[in-house]
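Colleague: I'm new to reading protein models and would love some help. Could you walk me through this one, feature by feature?

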Amino acid sequence: MSTRDTTAGRSSLFGEKGLQHRHQVWALAEAIVNEMASRLFNAESYQPERKFALTQFSEIREMGCKVPQHILQQYLENLQESRFEEDDLFFGPGMPRLGIGMDTCVIPLRHRGLSLVQTTDFIYPIVDDPYMMGRIACANVLSDLYAVGVTKCDSMLMLLGVSNKMTGKERDKIIPLIIKGYKDVAEEAGTTITGGHTILNPWILVGGVATTVCQTNCFIMPDNAVPGDVLVLTKPLGTQVAVAVHQWLDNPEKWNKIKLVVTEEEVELAYQEAITNMDRLNRTAASLMHIFNAHAATDITGFGILGHAQNLARQQRNEVSFVIHNLPVIAKMAAVSKARGEMFGLVHGMCPETSGGLLICLPREQAARFCAEIKSPRYGKGHQAWIIGIVEKGSRTARIIEKPRIIDVTSSQSTSQNGNLKRNVYVNNPKTLEELKDNIRSETGKTEAAELRRIYDNMVWRAEKCIDAQGNHFQHLL
């Protein structure tokens, strides 16, 4: 079955009526395994020149590639001059506009009543699966549009840096998979990729531009928080910690420093949860922002939750401050961070996130309803939200209290009725694709279609667990 056929079949089987028969469930499982196999190098036809890991082409990320926020603000001061008076004459008074310094720009257009909403972003590889890396990068770009309540993207560009350290064989297999992952998420978001730019450089870079043209009622300006609002977060923190700790499983020196506070299985579950969250679009949260009268929002990415909260606070028209009391964190990652002397800055709110959740200022009376609604099955499983703080009168600052409450967020899979399916199928390290199929066959009788969808969403990064009959690893793409 081709990739396109698999996707089409999956979409029809996961319709509103769900799967009706066991043979349909197994047919989907077969398609999943075939899809996985099609994304791997053929071990017989390709002998890797070296052990390959996508993250080995992003060493700059480990050195702290983000320009410090206060320095970045200085760089941007003179980039955009205020032309608001001229704009009022040309576009009409009261047209909202958002310039440099926030997640997106909102620019009034010459066509009265319409605005351009646009953002750009790119990231370095944080996972070794190229397809999933493409998916995460696309979700990360779109998240900036969702942060201002935009739910429909008109077009996307893709920005791609191809490492000149890659061999030709690596490049020709890996880059198409990154592009496919990016394209698939763009299509899931209801948009298309209309162009982009590709360069050679020392590191792999994946990102793009997201653009929409819309009326003013289609977006929510991030500047209307008032005292009494509450802060809501829509994804747990700790993705970067989970990714780093997962890599430490192969590094005895680092693993020995944390093995007393976390098990290998807990690391695997945390990594799985991080991947699932980074891959999930913030589109549902953006839609609900309109329903529940959100006053402001931002997405949580490279500057950590505190950095982005501070930036959002500075944008407010009213004299307010944000106070964060609760930190939802992927299970065990706060303990890991503490065991390493807070090297990640997680509890202090400084740990970077990738494709993180939205931090939303909501009226107090609407916040609990928002959190309940986002978990509704009509939006699919996995969406979560937590009330994490308050908006009070202040001087446009943000802070985390001295001892915030840490909310351990367990894997959405492990807490569901059929949550052990993915673990049973993959963690047991089947030695051939046929054994993997046997595992799925035995497990699908106990599960629902939604669980199989989750298997598919995380298939490729789990594929490294599959070992061929001769004992050679089907490593990621090699």
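Modeller: Happily! Keep in mind that this is a predicted model. Let's start with a helix, where a simple length check works: each residue adds 1.5 Å, so the 16 residues of helix α10 (residues 264-279) should span 22 Å. The end C-alpha atoms of α10 are 23 Å apart, which agrees.

Colleague: Is α10 mostly covered or mostly open?

Modeller: Mostly covered: 13 of the 16 residues in α10 are buried.

Colleague: How should I think about strands that lie side by side?

Modeller: Strands of a sheet pair through backbone hydrogen bonds, in a parallel or an antiparallel way. Here, an open sheet of 6 strands follows the order β7-β9-β6-β10-β8-β11, and its pairing is mixed.

Colleague: Why is one side of β7 and of β11 left without a neighbour in the sheet?

Modeller: β7 and β11 (398-409) stand at the edges and each has a single partner strand, so one side of each has no neighbour in the sheet. As for twist, neighbouring strands of this sheet are turned by 20 degrees against each other on average, ignoring direction.

Colleague: Which strands show the two kinds of pairing?

Modeller: For antiparallel, look at β7 and strand β9 (residues 358-362), joined by 4 bridges. Within that pair, alanine 297 has isoleucine 360 in β9 as its bridge partner. For parallel, strand β8 (residues 320-330) and β11 are joined by 8 bridges; there, leucine 327 is partnered with isoleucine 406 in β11.

Colleague: Are the faces of β7 covered or open?

Modeller: Both are covered: Ala296 and Thr298 on one side, and Ala297 and Asp299 on the other, are all buried.

Colleague: And what about the inside of the protein?

Modeller: In soluble globular proteins, nonpolar side chains tend to be buried together. In this model, the largest nonpolar core has 87 residues, and Val127, Leu142 and Met156 are among those with the most contacts inside it. Helix α6 (residues 130-146) gives the most to this core, with 10 residues. There is also a second, separate core of 18 residues, which includes Ala147, Leu288, Ile360 and Phe370.

Colleague: Could we finish with a single residue? Where is proline 328 found?

Modeller: Proline 328 is in strand β8. Its relative accessible area is 0%, under the 20% cut-off, so proline 328 counts as buried. Beyond its neighbours up to four places away in sequence, proline 328 touches residues including Leu233, Trp386 and Ile407. The C-alpha atoms of proline 328 and glycine 238 are separated by 8.7 Å, although these residues are 90 residues apart along the chain.

Conventions. Residues are numbered from 1 along each chain as its sequence is written. This is a predicted model: local features need pLDDT of at least 70, side-chain atom pairs count only at pLDDT 80 or more; totals for chains, interfaces and linings use all residues. Side-chain values use heavy atoms; hydrogens and water are left out. A nonpolar core is a set of buried Ala, Val, Leu, Ile, Met, Phe, Trp, Tyr and Cys residues joined through side-chain atoms within 4.5 Å. Buried means under 20% relative accessible area, exposed over 50%, partly exposed in between (1.4 Å probe, protein chains only). Two strands pair if DSSP finds at least two bridges between them. Axes are lines fitted to C-alpha atoms, for helices over the stretch in contact, and angles run from 0 to 180 degrees between N-to-C directions. The expected span of a helix is 1.5 Å times one less than its number of residues. Contact means heavy atoms within 4.5 Å.
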